[in-house]
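User: Hi, I have just opened this one and would like a careful walk through it. Could you start wherever you think is best?

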Protein chains: 2
Amino acid sequence: MSENSPSKKIGIKEIAKIAGVSIATVDRVLNNRKDVSESTRKKIKDLIKEHNYQPNIYARSLSVKNNLSFAVLIPKTSQQTGYWDLCLQGIKKGINEYSNFGINIQVFLYDQEDVNTFEKLNSAVLSGNFNAVIIAPIFIKETELFVEECKKQKIETLFINSDIKGCSSMGYIGPDLTSTGRLAANLTSYLVKGKSTLLILNIARGLQNYAYLNTKIDGYSNYLKDKNADYDIIVKDIPSNNYDEIEMALLRLENEIDPDLIFVTNSRVSVVGKFFDEHPELSKPAIIGFDFLYENVNYLAKGTIDFLICQRPDKQGYMALNYLYRYFLLKEEKENFKPMPIDILTIENYLFYEN
Amino acid sequence: MSENSPSKKIGIKEIAKIAGVSIATVDRVLNNRKDVSESTRKKIKDLIKEHNYQPNIYARSLSVKNNLSFAVLIPKTSQQTGYWDLCLQGIKKGINEYSNFGINIQVFLYDQEDVNTFEKLNSAVLSGNFNAVIIAPIFIKETELFVEECKKQKIETLFINSDIKGCSSMGYIGPDLTSTGRLAANLTSYLVKGKSTLLILNIARGLQNYAYLNTKIDGYSNYLKDKNADYDIIVKDIPSNNYDEIEMALLRLENEIDPDLIFVTNSRVSVVGKFFDEHPELSKPAIIGFDFLYENVNYLAKGTIDFLICQRPDKQGYMALNYLYRYFLLKEEKENFKPMPIDILTIENYLFYEN
DNA sequence: CTGAAAGCGCTTACAG
DNA sequence: CTGAAAGCGCTTACAG
């Protein structure tokens, strides 16, 4: 009926006393250091198990003097999208938490429309004596070169947001992009029934750098293909960040295609919302897009956007630092791939979403 | 371009040295204790701000010897539903984390079908010298009495999972149940179009204790009413935990009503999934229900259940302890109501859900 | 009003 | 192979 959790923690001192050794020896077996006789090692291990002893990680972090330094290399927030700001928030939460453990964390923000800024910061990171670097790999080729350099200097690398398969030394933390696309397709099947025209829209300057958008599109298309539904799927690019240009492009597309649903493959979906808000004369299609950004939520709340799919960029940032913390401090194994939850937001649950 | 976060933390010792005082004095102003002259207090406060000094909470937690004790009073897991087990997992995560701060946490599990067990545990809690108790208020009247007693003994009370308005001293952590119902209705509008019959199903023994289910139903019905859709909404109770009995009841309802969609108001939705799996001769309605339980997810994966709405019971448990920690240790204000995220799970995103 | 000293539960040299 | 002692950054009596 009552499940007692004594949670009166036994300490290293008690263990030492019971075992009849000093705390230094207990510490040695705790941390798997050598120079302990097998017999006392066993005795202490048994005691630890018996009393379910767990070291106080706060005490540990206080006394251990680690000289760890992590770098974070992500895009800076543009005026077009606050996406990376969310990621940065998670990073900052991590900095706040882990600097208490004496870890030094530095953030480097590059311009995702200017590969030069990325390369300049590469040098800064390489000369900064870091133990690991968290990278959002927008520029594929340049990132691969950078990771090569890191490997030479024994700097661990970890990707967030999107992956380059087999490239980084510690793996990838972020959404499974294929599933993300499939989910969008799944929601599509609830929004439009029967014979319909679906428009997939890539909106951004420098689209060549966003190869990972194709992964989402593949997931989307394959899902619908498997369902044998009667859909026309059309993919279009709008390689611009300027609303007027985008408006022109959308007007053309509306004329040409008149879609029943628009699936925007990134967080720029709010411009499509804006477009249909400003053009009430057009028949508004169902709209699906990405990310919990202020402008997006705005059109979700109005009912212009039907679903937002969210990948918790802030959690990605935090979990990346957490992963490094667990690897370097707690000596946990590398885990390689950590898929983030994929959240669905509608007009009815967005208020309670914590990014 | 590069945002430096030095995160080389300055310590109390440095502050003391710069100010020309002892660390004890710095500690006094840090913790707003009296017995410091206004002039030195100001000097130190300025220094703290100037250097952005933040105390190391782990060092603090090590040295402070708080005598805190929290109780947790929730239903035990029944064989019918693992829901409370998820909550318990979150609690355990919290115990693991906060027992490092010297907090003592005890869990008491009552039988939600037997009010006597609840009342017995009330006495145990009252005589256990706790500073606060987290309660899942299934039995309304008895909980109100218990909270009264707690108030007399200066034990803080905090509700999780469902609320009794204005009753507890610290508020409520859990989903906004009206919105939860509205979300189910919102999803309903994607699943069925045109003239349809919707069946709302309450499944559980002792339904009189689950008054909060009506809040969900109200949210659900009001949403659809506002939409002026052409829906027949029928509410039915199946006050049983026995599958054979439930099967009989469902057979009767199928005959009588033949719904286009079934909305199960709690986590027992898997039995409805099972029912339609075992009766392929019946036309399967769309199905919406609650909670990320193994059996539910099973029928979600098969496509029998269309949507699961999840309220993160584990997070509720953890956040409740976290709230107490922040209130008692970090001296933060009471916050009263902490709505939990309401998650939507489909066949395409459940794999990545972390409860 | 202020400071010196002990202690929280660990880890880290250092000595044997 | 083992232990005594110092120290991590705070808080807590205690003494003045």
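Analyst: Let us begin with one polar contact, where a phosphate oxygen of DNA strand D is 2.9 Å from an N or O atom in the side chain of B:Tyr53. A polar contact here is a pair of N or O atoms within 3.5 Å; within protein, one must be able to donate a hydrogen and the other to accept it, and residues adjacent in sequence count only if both atoms are side-chain atoms. This is a predicted model, in which local features need pLDDT of at least 70 and side-chain atom pairs count only at pLDDT 80 or more, while totals for chains, interfaces and linings use all residues. Residues are numbered from 1 along each chain as its sequence is written, chains are lettered from A and ligands numbered from 1 in the order in which they are written, and side-chain values use heavy atoms, with hydrogens and water left out.

User: Thanks. What lies 3.4 Å from a phosphate oxygen of DNA strand D?

Analyst: A polar side-chain atom of B:Arg33 lies at that distance of 3.4 Å from a phosphate oxygen of the strand, and a backbone N or O atom of B:Asn56 also lies 3.4 Å from a phosphate oxygen of DNA strand D.

User: And which residues come nearest to DNA strand D overall?

Analyst: There are 26 residues around DNA strand D, and those that come nearest are A:Arg28, B:Ile12, B:Asp27, B:Arg60 and B:Ser63. A residue is counted as near a strand if one of its heavy atoms lies within 4 Å of it. Of the strand D atoms within 4 Å of the protein, 68% belong to sugar or phosphate, and the rest belong to bases.

User: Which element gives the largest share of that surface near DNA strand D?

Analyst: That is H4(B), from which 4 residues come. At least two residues each are supplied by H2 and H4 of chain A, together with helix H1 (12-19), H2 and H4 of chain B. Helices (H or I, at least four residues) and strands (E, at least two) are DSSP runs, numbered from the N terminus.

User: What about the classes of residue on the surface near DNA strand D?

Analyst: They divide into 11 nonpolar, 8 polar and 7 charged, where Ala, Val, Leu, Ile, Met, Phe, Trp, Tyr, Cys and Pro count as nonpolar, Asp, Glu, Lys and Arg as charged, and the others, Gly among them, as polar.

User: OK, now the other strand. Which residues are closest to DNA strand C?

Analyst: The closest are A:Ile12, A:Asp27, A:Arg60, A:Ser63 and B:Arg28, out of 26 residues that surround DNA strand C. Sugar or phosphate accounts for 69% of the strand C atoms within 4 Å of the protein, with the rest in bases.

User: Where do base oxygens of DNA strand C come in?

Analyst: One base oxygen of DNA strand C is 3.2 Å from a polar backbone atom of B:Ser63, and a base oxygen is 3.4 Å from a polar backbone atom of B:Leu62. On the phosphate side, a polar side-chain atom of A:Asn31 lies 3.3 Å from a phosphate oxygen of DNA strand C.

User: Which element gives the most to the surface near DNA strand C?

Analyst: H4(A) gives the most, with 4 residues, and the residues of that surface near DNA strand C divide into 11 nonpolar, 8 polar and 7 charged.

User: Changing topic, how do H1(A) and H3(A) pack?

Analyst: H1(A) and helix H3 (residues 38-50) of chain A pack at an angle of about 130 degrees, with their axes 10 Å apart; axes are lines fitted to C-alpha atoms, for helices over the stretch in contact, and angles run from 0 to 180 degrees between N-to-C directions. That angle makes H1(A) oblique to H3(A), since angles under 35 degrees count as roughly parallel, over 145 as roughly antiparallel, 65 to 115 as roughly perpendicular and the rest as oblique.

User: Which residues meet there, in H1(A) and H3(A)?

Analyst: A:Ile15, A:Ile18 and A:Ala19 in H1(A) meet A:Lys43, A:Ile44, A:Leu47 and A:Ile48 in H3(A), contact meaning heavy atoms within 4.5 Å. By class, this contact of H1(A) with H3(A) has 6 nonpolar, no polar and 1 charged residues.
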